[in-house]
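Work through the exercises below with the sequence and the model side by side. Try each task before you read its solution.

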Amino acid sequence: MMTVQVDPNSKLIELGGGGNPALPPRCRGGNSLNVDVAQVNGPDGQPMVDVIHDFNHPLPFTDNEFDASLSVFALEHISYRNIRSFLKECFRIIKAGSKAVFVAPNTEKQLEVILKRIKGDTKALPDKPDDDFAAYSCILFGDQDYKGNHHCAFLSPTIAQQLFTEAGFYPVQIQPYGDLQTDMV
C-alpha cells in the first residue's frame, strides 16, 4: 500500500492510475489528472480516467504544467523502445524542482527470487500458488488478463538510475518496494 500526501492546491498528474488511482482524479471530484491508455469505470459505472492517452506517444500537456507526477506500475507496460522518450516527456511536463514518483518492478530482483524458488527455497514466493509456471510467468510478464496488461521492459535499479538521469531527473533515489522487495520506487 502506498500513502501519498499532497498539497490540495497542487496540480498533480497520475500516469497509469486506471481504475485504482492513488490520487483522486478530477472526474471523481479530486484535483489530480488520471491519465491512462483506456477508460476504466468504477463500481458505480462512472469514469475513473480523465485523459485517455497511449504512453508510447508524446504526452498532450504543456511544459512545466504539473507540480508533481506519480506513476504506479505503468512504466513496465510501455515498449522498452519508448521508455526513454516517455521519461523525457514526464520530465518536460512537471515544473523545475518538482517530484516524480514511479513504482515499477525490479526485474533483476524478480529473477533472483524465482531462481531461489527453483533451487528449493519455498519461502521465496510465499504469496504465490504452487503452480510455479503460472507464478513465474505472471511475475515476469504481467497478469495478461486484459489487452496491454503485459510487461514490455526489463527494469533494475541500475537501469532505472540511468534512464531517469538521461531524462533530466536529479537527484534520482531508488529503493526497494513491496513485501518481497521485487519492486522499486
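**Exercise 1. Find the residue in strand 4 that stands opposite Leu12.**

Solution.
- Step 1. Go to strand 4, residues 66–72. Strands here are DSSP runs of E with at least two residues, helices are runs of H or I with at least four, and both are numbered from the N terminus.
- Step 2. Read off the partner: Leu12 stands opposite Ala68.
- Step 3. Check the pairing. Strand 1 and strand 4 run parallel and are joined by three bridges. Two strands pair if DSSP finds at least two bridges between them.
- Step 4. Look at the other neighbour. Strand 2 also runs parallel to strand 1, with four bridges. There, Leu12 has Ser32 as its bridge partner.

A note on the model before you go on. This is a predicted model, in which local features need pLDDT of at least 70 and side-chain atom pairs count only at pLDDT 80 or more, while totals for chains, interfaces and linings use all residues. Residues are numbered from 1 along each chain as its sequence is written, and side-chain values use heavy atoms, with hydrogens and water left out.

**Exercise 2. Decide whether the faces of strand 1 are covered or open.**

Solution.
- Step 1. Fix the term. Buried means under 20% relative accessible area, exposed means over 50%, and partly exposed lies in between (1.4 Å probe, protein chains only).
- Step 2. Take one side: Leu12 and Glu14 are buried.
- Step 3. Take the other side: Ile13 and Leu15 are buried too.
- Step 4. Conclude that both faces are covered.

**Exercise 3. Describe the largest nonpolar core and name the residues that touch the most other members.**

Solution.
- Step 1. Define the core: a set of buried Ala, Val, Leu, Ile, Met, Phe, Trp, Tyr and Cys residues joined through side-chain atoms within 4.5 Å.
- Step 2. The largest such core has 27 residues, and Leu75, Phe86 and Leu87 touch the most other members.
- Step 3. List the elements that give two or more residues: strand 1 (12–15), strand 2 (32–36), helix 1 (83–93), strand 5 (94–105) and helix 4 (157–167). Helix 1 gives the most, with five residues.
- Step 4. Zoom in on Leu87. Leaving out residues up to four places away in sequence, Leu87 touches Leu75, Phe102, Leu163, Phe164, Ala167 and Phe169. Contact means heavy atoms within 4.5 Å.

**Exercise 4. Explain why the buried residues of helix 3 lie on the same side.**

Solution.
- Step 1. Find them: in helix 3 (residues 132–141), Ala135, Tyr136 and Ile139 are buried.
- Step 2. Use the arc. These residues cover only 90 degrees around the axis, so they sit on the same side of helix 3. The arc is that of the directions from the helix axis to the C-beta atoms.
- Step 3. Recall the general rule. An α-helix has 3.6 residues a turn, so residues three or four places apart point the same way.
- Step 4. Name the packing partner: the buried residues of helix 3 pack against helix 2 (107–118).
- Step 5. Look just past the end of helix 3. Gly142 has a positive phi of about 90 degrees there.

**Exercise 5. Explain why Cys138 and Cys152 form no disulfide.**

Solution.
- Step 1. State the cut-off: a disulfide is a pair of cysteine sulfur atoms within 2.5 Å.
- Step 2. Compare. The closest cysteine sulfur to that of Cys138 is in Cys152, 14 Å away, so the two are too far apart for a bond.
- Step 3. Widen the search: the whole structure has zero disulfides.
- Step 4. Add the exposure. Cys138 is partly exposed at 26%, and Cys152 is partly exposed at 23%.

**Exercise 6. Trace salt bridges that link distant parts of the chain.**

Solution.
- Step 1. Define the term: a side-chain nitrogen of Lys or Arg within 4 Å of a carboxyl oxygen of Asp or Glu. The structure holds eight salt bridges.
- Step 2. Take Arg28 and Asp44, whose closest N and O atoms are 3.1 Å apart. Arg28 lies in the loop between strand 1 and strand 2, and Asp44 in the loop between strand 2 and strand 3 (51–52).
- Step 3. Take Arg92 and Asp63, at 2.8 Å from N to O. Arg92 is in helix 1 and Asp63 in the loop between strand 3 and strand 4, so the pair ties together parts 29 residues apart in sequence. Asp63, Glu89 and Arg92 are linked in a network of salt bridges.
- Step 4. Take Arg117 and Asp132, at 3.0 Å from N to O. This pair links helix 2 to helix 3. Arg117 is buried at 12%, whereas Asp132 is partly exposed at 25%.
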